[in-house]
Amino acid sequence: MTAQGLLLVISGPSGAGKGTVCRVLMSRQPQVRYSVSATTRPPRTGEVEGVHYYFKTQEQFEAMIAQDKLIEWAKVYDNYYGTPKEPVMEALRSGRDIILEIDIQGAFQVKEKYPEGVYVFIAPPSLEELRRRIEGRATDATEVIAKRMKAAAGELDQAGKYDYIIVNDTVETAALKLEAIVTAEKCRASRLSSLKPY
Ligand code: ADP
Ligand code: 5GP
């Protein structure tokens, strides 16, 4: 019986806690890899090239699109973001689980190509709490926060198109739910290539 790697796609409004919850999952399930995206957004304080993102100029990013090096890409809040193809392909080829933390436009592109992926939407308990979290993170300028809050309501309207919705009320319960989803999805009969114990 061979288990295939899981392609786990996580979306949700900026500030909902996707990064926080994914980090807890990866600390508990170290076999899960993180797909490092490329972006034209400038690095925030503390962000490290190749760990949080591959930081690109617009020209470099457009060259990656032209060379078909991205599984998906989208313009989010005025910057390009995209998922490099090769690391994802390599993880799936070798049976490893991989998380893509990407926006809704990107998630729908990936779903077209990989319907067998697992699509999880992380929602904040309320828009007020979302604002508190974005402001509390203290990484974005006022006009950037306003753009992200404006986009959030539209993003929440799309949550029903995902396989699972996790309301991130506390980090601990949200991480437990994500872990439960991974555990259950790995037991899906359709992911286990053969089951012949006798
Ligand atoms: P995202 O990756 O969705 O943009 P982050 O993981 O950066 O969001 O979280 C945004 C902010 O909210 C961070 O400061 C984080 O510590 C905080 N946060 C995340 N989850 C929770 C939670 N359940 N309760 C309170 N604060 C949270
Ligand atoms: P941030 O600037 O806060 O890191 O990310 C902004 C938004 O871009 C988030 O919704 C995040 O999920 C999304 N994002 C990050 N990487 C990618 C990617 O590779 N592709 C797409 N489509 N969206 C991404």
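Which polar side-chain atom lies 2.7 Å from an oxygen atom of ligand 2? One of arginine 148 does, and the views below start there. The model is predicted, with local features needing pLDDT of at least 70, side-chain atom pairs counting only at pLDDT 80 or more, and totals for chains, interfaces and linings using all residues. Residues are numbered from 1 along each chain as its sequence is written, chains are lettered from A and ligands numbered from 1 in the order in which they are written, and side-chain values use heavy atoms, leaving out hydrogens and water.

**View 1. Polar contacts of ligand 2 (pairs of N or O atoms within 3.5 Å).** Besides arginine 148, look for arginine 41, with a side-chain N or O atom 2.6 Å from an oxygen atom of ligand 2. The protein buries 96% of the 510 Å² that ligand 2 exposes when taken alone (Shrake-Rupley method, 1.4 Å probe).

**View 2. The shell around ligand 2.** Here 18 residues surround the ligand (a heavy atom within 4 Å), and Ser37, Arg41, Tyr53, Tyr81 and Arg148 are the closest. β5 (70–76) and β6 (79–84) each give two or more residues to this shell (strands are DSSP E runs of at least two residues).

**View 3. Polar contacts of ligand 1.** A backbone N or O atom of lysine 18 sits 2.8 Å from an oxygen atom of ligand 1. For arginine 137, a side-chain N or O atom is 2.8 Å from an oxygen atom of this ligand. Taken alone, ligand 1 exposes 570 Å², of which the protein buries 73%.

Technical notes: Polar contact = N/O pair within 3.5 Å; in protein donor to acceptor, adjacent residues only side chain to side chain. Helix = DSSP H or I, 4+ residues; strand = E, 2+ residues; numbered from the N terminus.
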